[in-house]
Amino acid sequence: VAAVIVESKQTPTKEHYAQLVGFGSKQHAQRMVQKLVAQGYPVVLKTRISSTARGKKVPWYQVVTTPLADRNELVQIVDRISKQETLK
């Protein structure tokens, strides 16, 4: 899973965050967040809902960085996490 950098339009100043990795299990996602936070990375867990072809709602869990104004700083953080955790 590739990290995706997204520009947030919710604030008057541009902020960016990265979608790092998704999990089907909340427990696995929480472990990843705890590991990255312990290493000093600014990440949080988001719950997402997807719909199947039959309309069933399925939750999944995404590890994302907190919004940062400096895109270059965010890219450096994502690069370090990607190498360290072997994310693609």
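Which residue follows H1, and what is the sign of its phi? I shall begin with that point and then turn to the helix itself and to the core. Please bear in mind that the model is a predicted one.

The residue is Gly40, and its phi is positive, near 95°. At the other end, where H1 starts, a side-chain oxygen of Ser25 comes to within 3.3 Å of the backbone nitrogen of Gln27.

Between these two points lies H1 itself, residues 26–38. Its length can be checked by simple arithmetic: 13 residues at 1.5 Å a residue should span 18 Å, and the C-alpha atoms at its ends are 18 Å apart, so the two values agree.

Let me now consider how H1 is oriented. Its buried residues are Ala29, Met32, Val33 and Leu36. Around the axis they cover an arc of only 100°, and therefore they lie on the same side of H1. The face turned away from that buried side carries Gln27, Gln34 and Ala38, which are exposed. The cover over the buried residues of H1 includes strands S2, S3 (43–51) and S4 (57–65), together with helix H2.

This brings me to the largest nonpolar core, which has 15 residues. Those with the most contacts inside this core are Leu20, Val21, Leu36, Tyr41, Val43, Val63 and Ile81. At least two core residues come from each of strand S2 (15–23), helix H1 and helix H2 (71–85). H2 provides the largest share, with 4 residues.

I would close with Leu36, which is buried in H1 and is also among the core residues with the most contacts.

How values were computed: Residues numbered from 1 in each chain as written. Predicted model: local features only at pLDDT ≥ 70, side-chain atom pairs only at ≥ 80, totals over all residues. Heavy atoms only, no water. Core = buried A, V, L, I, M, F, W, Y, C linked by side-chain atoms within 4.5 Å. Buried < 20%, exposed > 50% of the residue type's maximum accessible area, 1.4 Å probe, protein only. Expected span 1.5 Å × (residues − 1). Arc of directions from axis to C-beta. Contact = heavy atoms within 4.5 Å. Polar contact = N/O pair within 3.5 Å; in protein donor to acceptor, adjacent residues only side chain to side chain.
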